[in-house]
Amino acid sequence: MPGVEHPEVVVYTQIPAPIESVWLEAAKVDEHVEWMADAHQLDFMSDQREGVGTKIEVETRFGPLRTTDEMEFVEWEPPHRMAVVHRGLFQGMGAFEFATAGPNDTSMTWRERIEFPWYFGGLIGAWVARPVLRWVWRRNLRRFRDRFLG
């Protein structure tokens, strides 16, 4: 449908730690599978382990759905933003954004705009999946926040 955008999913949490500490934890790309429940395995496709140009392949499990998502980091702005382009079965953009929310608090926002292939309902499938994705990614952010709670 021309002129109709795929839905953006946005989730947010507040983390009881300074922005620099939160960034350092989020920048450990190889550890994302430890707090992203839907990410089963992560492999680097490049020698780079951080920064723009880093490429990863993530095996994602979402209920009965199994897919491998190829991503490339296209933004890396410590300590405020990292963003990826999704390539493969599901395409789109995703970003983590960090902002100081107090002397020892950081807000973390996760934004994703994913295009579903036609056989997963395309645009309609993306809209239908939006509440489920929001629920999963909120849970992931709670798991990330819990890394700072000891």
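Visitor: How many cavities of 30 Å³ or more does the structure hold?

Guide: The structure, which is a predicted model, holds 1 cavity of 30 Å³ or more. The largest cavity has a volume of about 50 Å³.

Visitor: What makes a space a cavity and not a pocket?

Guide: A space is called a cavity because a 1.4 Å probe fits there but cannot get out, whereas a pocket is open.

Visitor: Which residues line the largest cavity?

Guide: Its lining is made of Pro7, Val9, Glu112, Arg113, Ile114, Phe116, Ala126, Leu133 and Trp137. At least two of the lining residues come from β7, and at least two from α3.

Visitor: What is the volume of the largest pocket, and which residues lie nearest its centre?

Guide: The volume of the largest pocket is about 650 Å³. Its lining has 31 residues, and those nearest the centre are Asp38, Thr60, Asp69, His86 and Trp137. Several elements give two or more residues to this lining, among them α2, β2, β3 (55-62) and α3 (122-146). The largest share, 5 residues, comes from β4.

Visitor: Where is Asp38 found?

Guide: Asp38 is in the loop between α2 (32-35) and β2 (39-44). Beyond its neighbours within four places in sequence, Asp38 is in contact with Glu59, Thr60, Arg61, Val136, Trp137 and Asn140.

Visitor: How do you know that Asp38 has no salt bridge?

Guide: The nearest side chain of opposite charge, Arg139, is 6.1 Å from Asp38. A salt bridge needs a nitrogen and an oxygen within 4 Å, so this pair does not qualify. Asp38 is nevertheless buried.

Visitor: Why is the pairing of Asp38 and Asn140 called a polar contact?

Guide: The side chains of Asp38 and Asn140 are joined at 2.8 Å. The cut-off is 3.5 Å, so the distance falls within it.

Visitor: Why is Thr13 called buried?

Guide: Thr13 has a relative accessible area of 6%. Buried means under 20%, so Thr13 is buried. This residue is part of strand β1 (residues 8-15). The side chain of Thr13 also makes a polar contact of 3.5 Å with that of Arg145. Apart from neighbours within four places in sequence, Thr13 is in contact with Thr106, Ser107, Met108, Leu141 and Arg145.

Visitor: How do you know that Arg147 and Glu25 form a salt bridge?

Guide: Their closest N and O atoms are 2.8 Å apart. The limit is 4 Å, so the pair counts as a salt bridge. Arg147 lies in the segment after α3 and Glu25 in helix α1 (residues 19-26), so the bridge ties together parts that are 122 residues apart in sequence.

Visitor: Which of these, Arg147 or Glu25, is buried and which is partly exposed?

Guide: Glu25 has 15% relative accessibility, which is under 20%, so Glu25 counts as buried. Arg147 has 28%, between the 20% and 50% limits, and is therefore partly exposed.

Visitor: How many salt bridges does the structure hold?

Guide: The structure holds 12 salt bridges. One of them joins Glu59 and Arg61, at 3.1 Å from N to O. Glu59, at 23%, and Arg61, at 33%, are both partly exposed.

Visitor: What links Glu75 and Arg81?

Guide: A salt bridge does, with the closest N and O atoms 2.6 Å apart. Glu75 is partly exposed because its relative accessibility is 21%, which is not under 20%. Glu75 and Arg81 also belong to a network of salt bridges with Glu8, Glu97, Arg111 and Arg113.

Conventions
Residues numbered from 1 in each chain as written. Predicted model: local features only at pLDDT ≥ 70, side-chain atom pairs only at ≥ 80, totals over all residues. Heavy atoms only, no water. Helix = DSSP H or I, 4+ residues; strand = E, 2+ residues; numbered from the N terminus. Buried < 20%, exposed > 50% of the residue type's maximum accessible area, 1.4 Å probe, protein only. Lys, Arg positive; Asp, Glu negative; His and termini not counted. Polar contact = N/O pair within 3.5 Å; in protein donor to acceptor, adjacent residues only side chain to side chain. Contact = heavy atoms within 4.5 Å. 1 Å grid on protein atoms, 1.4 Å probe; cavity = no way out; pocket = protein on both sides within 12 Å on 5 of 7 lines; lining within 4 Å. Points joined across faces, edges and corners; volume = space filled by probe spheres on them.
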